[in-house]
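Hi,

Here is the structure I promised to pass on. Have a look at it first, and then read my notes below.

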Amino acid sequence: MLVEEEDTEDAERFHTLLCQSVLHRDLQAAARLLSAKGADPNSRSAQATGPYGGDTPLTLAARMGSLDAVQLLVRARADVELAGPRQLTALHEAAAYGRTPVVKMLLACGAPTDARSARHQTPWRSPRALAPETSSTASSTGSTSGEKAAGEIVCSVSREGSMVL
């Protein structure tokens, strides 16, 4: 039982440190936590309240518009479909805050455009959301064939199971 409590405490501590690294745009620290410390990119805070209450590192990075942090987390296998508080996905957050490059990347990585929040809104129904047309080029050209137009972000999984951006 003590080992399980320690594991839970470590997971919560790594989650908090990973979220802080993302919020402070300290990608070196985030990368160290993900690789050397084994922090889970899909972790959520066990506490429903507080600074990261239920947020995933990816939803925080998307809300902030930190394309570099989003790329790092996706490469570390962050689930683009995973929802945080109020059932908001990273795509909901990026669209709501007008983070066009992040929206395009998430769409290229297969983020669901029909995910519903707790208020039954898709990413495009938020009051501040980008119009779907803003990101239609990413979804229509998000090929995983390896071909890339200038400025296009392609996200695929290699045969070995690693993420390719």
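**Salt bridges first**

The count of salt bridges in this predicted model comes to two. One of them joins the side chains of aspartate 55 and arginine 63, with N and O 3.0 Å apart. The other pairs arginine 63 with glutamate 93, where the closest N and O atoms are 2.9 Å apart. Glutamate 93 belongs to helix H5 and arginine 63 to helix H3, so this pair ties together parts of the chain that are 30 residues apart in sequence. Taken together, Asp55, Arg63 and Glu93 form a linked network of salt bridges.

Are these charged residues buried or exposed? Aspartate 55 and arginine 63 are both buried. Glutamate 93 has a relative accessibility of 5%, and because the cut-off for buried is under 20%, it counts as buried too. As a general point, side chains of opposite charge can pair when their charged atoms come close.

There is one more charged group to look at. Arginine 13 lies over the face of phenylalanine 14, at 5.0 Å from the ring centre. As for aromatic pairs, the count comes to zero.

**The overall layout**

Stepping back to the whole chain, you will find seven helices and two strands. Starting from the N terminus, the order is α-α-α-α-α-α-α-β-β, so to speak, helices and then strands. The chain has 165 residues, and 45% of them count as buried. Its accessible surface is about 9,100 Å², with 49% of that belonging to carbon and sulfur atoms. If you take the contacts between residues at least 6 apart in sequence, 60% of them join residues at least 24 apart.

**The nonpolar core**

Next, the inside. In soluble globular proteins, nonpolar side chains tend to be buried together. Here the largest nonpolar core has 31 residues, and the members that touch the most others are Leu58, Val70, Leu73 and Leu106. Helices H1 (2-23), H2 (27-35), H3 (57-64), H4, H5 (90-96) and H6 (100-108) each give at least two residues to this core.

Helix H4 covers residues 67-75, and its buried residues are Ala69, Val70, Gln71, Leu73 and Val74. On helices in general: an α-helix has 3.6 residues a turn, so residues three or four places apart point the same way.

Which residues does leucine 73 touch, not counting those up to four places away in sequence? They are Leu18, Val22, Leu34, Pro41, Pro57, Leu58, Ala61 and Ala78.

Leucine 18, one of those partners, is found in helix H1. With a relative accessible area of 0%, leucine 18 is buried. Apart from neighbours within four places in sequence, leucine 18 is in contact with Ala30, Leu33, Leu34, Ala39, Asp40, Pro41, Pro57 and Leu73. Leucine 34 appears in that list; the C-alpha atoms of leucine 18 and leucine 34 are 8.0 Å apart in space, while the two residues are 16 apart in sequence.

**The loop between H4 and H5**

This loop is worth a click or two. Arginine 77, which lies in the loop between H4 and H5, has a positive phi of about 80 degrees although it is not a glycine. At 40% relative accessibility, arginine 77 counts as partly exposed.

Glutamine 87 sits in the loop between H4 and H5 as well. Its phi is also positive, near 60 degrees, again in a residue other than glycine. Glutamine 87 has a relative accessibility of 43%, so it counts as partly exposed.

Arginine 86 is found in that loop too. Is arginine 86 buried or exposed? Its relative accessible area is 54%, and since exposed means over 50%, arginine 86 counts as exposed. Leaving aside neighbours within four places in sequence, arginine 86 is in contact with Ser117 and Ala118. Arginine 86 and serine 117 are 31 residues apart in sequence, yet their C-alpha atoms are 6.0 Å apart in space.

If you want one place to begin, try the network of salt bridges that links Asp55, Arg63 and Glu93.

Cheers

Note on methods. Residues numbered from 1 in each chain as written. Predicted model: local features only at pLDDT ≥ 70, side-chain atom pairs only at ≥ 80, totals over all residues. Heavy atoms only, no water. Buried < 20%, exposed > 50% of the residue type's maximum accessible area, 1.4 Å probe, protein only. Helix = DSSP H or I, 4+ residues; strand = E, 2+ residues; numbered from the N terminus. Core = buried A, V, L, I, M, F, W, Y, C linked by side-chain atoms within 4.5 Å. Contact = heavy atoms within 4.5 Å. Phe/Tyr/Trp six-rings, centres within 6.5 Å; stacked < 30°, edge-to-face > 60°. Lys NZ or Arg CZ within 6 Å of the ring centre and 35° of its normal. Salt bridge = Lys/Arg side-chain N within 4 Å of Asp/Glu carboxyl O. Areas by Shrake-Rupley, 256 points an atom, 1.4 Å probe, with all protein chains shown as cover.
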